[in-house]
Amino acid sequence: MNDTDSKHIQAELEKHKDYTKTDKLEEADLIIINTCSVREKPVQKLFSEIGQFNKKKKDGAKIGVCGCTASHLGNDIIKRAPYVDFVLGARNISKIKDVVDIKGAVEISIENDDSNYEFATPSTNNYRTSVNISVGCDKECTYCIVPSTRGEEISIPPEMIVTQIQKAVDTGAVEVMLLGQNVNSYGKRFSDKRAKYSFTKLLQDISKIEKLERIRFTSPHPLHMDDEFIEEFAKNPKISKCIHMPLQSGSTSILKAMKRGYTKDWFLNRAFKLRELIPELRITTDIIVAFPGESDEDFNDTLDVVNQVKFDQIFNFKYSARPNTKALELSDFEVPNDIGSARLEELIEIHKRHLEQSMPKMIGETVNVLVESLKPNGEVSGYTDNYFLVFAKGSDELLGKFVDIKINEVTRTSLKGVVVA
């Protein structure tokens, strides 16, 4: 999502202000740092980065801070780093062309509505594009800062989404990534008060775009994975058979404390139904360990889900207290740091063992890959439909093509093979 916001910022500046991109800091007239605030570490890193840029930039060059950290720190950024020229929140990206010329500008309203704004077309990888389908989030997960930095959830009109994807396809894209904090709650609120419209219906409409081969999306919410959605996901040949299901915790009591809205049993039911319908499915997830009040029994419930579902990729985190979140009220129940670190390490090791068992099964298999990049060592790389990263010897003639690759080598995170067709 931040990557897509960055592309919108760049495209808006190129179209409206005649900026062009440079990879050399010393040449830049404008330096923009687009920030995340989901974890504490990026926020800590921000002011160090700003200071380094200020030392190295040429005279007169501007520095702007954008994104979620901009939303929640606002004026404080300029107070701590007076050489920052403007601050632009995550909900205000369309205003970049205005604030770039106003010293000291701070635009951070989380009530701003960009959902009907037609951004300039960003230059992207020729073969894939990413499209926001909603902005903001209505969930109240107690650990999450996003609602206070991106505001309430508003869906982007389906016709705008389809048009944006069609433009990308017309210039060579064959894959789209749909983005939203909770994509499968899409369509419950539009700026123009139109009738509700389901995510499943949006998937069906996007599937009608000719020459669009793959549809991906992130992130769906397990609570909203109803049977209609799962059946469409399973039967629609254009939808990539890799799904991100953020677990966060396997403990029903911790899930309740997190205000996730589902139980351990519900999550397992949805995962097993998907696995049953789609044998080749890959499931990825997010897990937070050491949430306040997490007992050994709670943590074991998380391990139980991991052992049953056998996720193909896990983004593991140790709980990090964030400003403006309800979980701050649970500080009396914080898990000691050493216990949290030990739990994180145990989870990582269990997942490694799962991958060491599952990945070798791919040796000898032939997979279909969209070739997307050429490496300096003479290899090409790309992804399968179910999002395995694959490497093979090849030339730029393969770029943008779907090719069959026979796998002869694996790691825990990727496959390697030989092009056979």
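Q: Hi! How many helices and strands does the protein have?
A: Happy to help! In this predicted model, the secondary structure comes to 13 helices and 17 strands.

Q: And how compact is the protein for its length?
A: It is as compact as a globular protein of that length, because its radius of gyration is 22 Å, close to the 22 Å that the globule rule gives for 421 residues.

Q: What box do the C-alpha atoms fill?
A: Along the principal axes, the C-alpha atoms fill a box of roughly 60 × 60 × 50 Å.

Q: Nice. Which domains is the protein divided into?
A: There is domain 1 (1-107), domain 2 (128-360) and domain 3 (363-419). The C-alpha centres of domain 1 and domain 3 lie 36 Å apart.

Q: Switching to the surface: what area does the protein expose?
A: About 19600 Å², with carbon and sulfur atoms supplying 49% of it. As for burial, buried residues make up 50% of the 421 residues.

Q: How far apart are the mean positions of the positive and negative charges?
A: They are 1 Å apart, taken over 58 positive and 64 negative charges.

Q: Now Lys416, where is that found?
A: Lys416 sits in strand β17, which covers residues 414-419.

Q: Why does Lys416 count as partly exposed?
A: Because its relative accessibility is 31%, and partly exposed lies between the 20% and 50% cut-offs.

Q: Which residues does Lys416 touch?
A: Leaving out residues up to four places away in sequence, Lys416 touches Glu379, Phe391, Lys406, Ile407, Asn408 and Glu409.

Q: And how far is Lys416 from Asn54?
A: Their C-alpha atoms are 43 Å apart in space, and the two are 362 residues apart in sequence.

Note on methods:
Residues numbered from 1 in each chain as written. Predicted model: local features only at pLDDT ≥ 70, side-chain atom pairs only at ≥ 80, totals over all residues. Heavy atoms only, no water. Helix = DSSP H or I, 4+ residues; strand = E, 2+ residues; numbered from the N terminus. Rg over C-alpha atoms; globule rule 2.2 N^0.38 Å. Buried < 20%, exposed > 50% of the residue type's maximum accessible area, 1.4 Å probe, protein only. Areas by Shrake-Rupley, 256 points an atom, 1.4 Å probe, with all protein chains shown as cover. Lys, Arg positive; Asp, Glu negative; His and termini not counted. Charge placed at Lys NZ, Arg CZ, Asp CG, Glu CD. Domains from an automatic or database assignment. Contact = heavy atoms within 4.5 Å.
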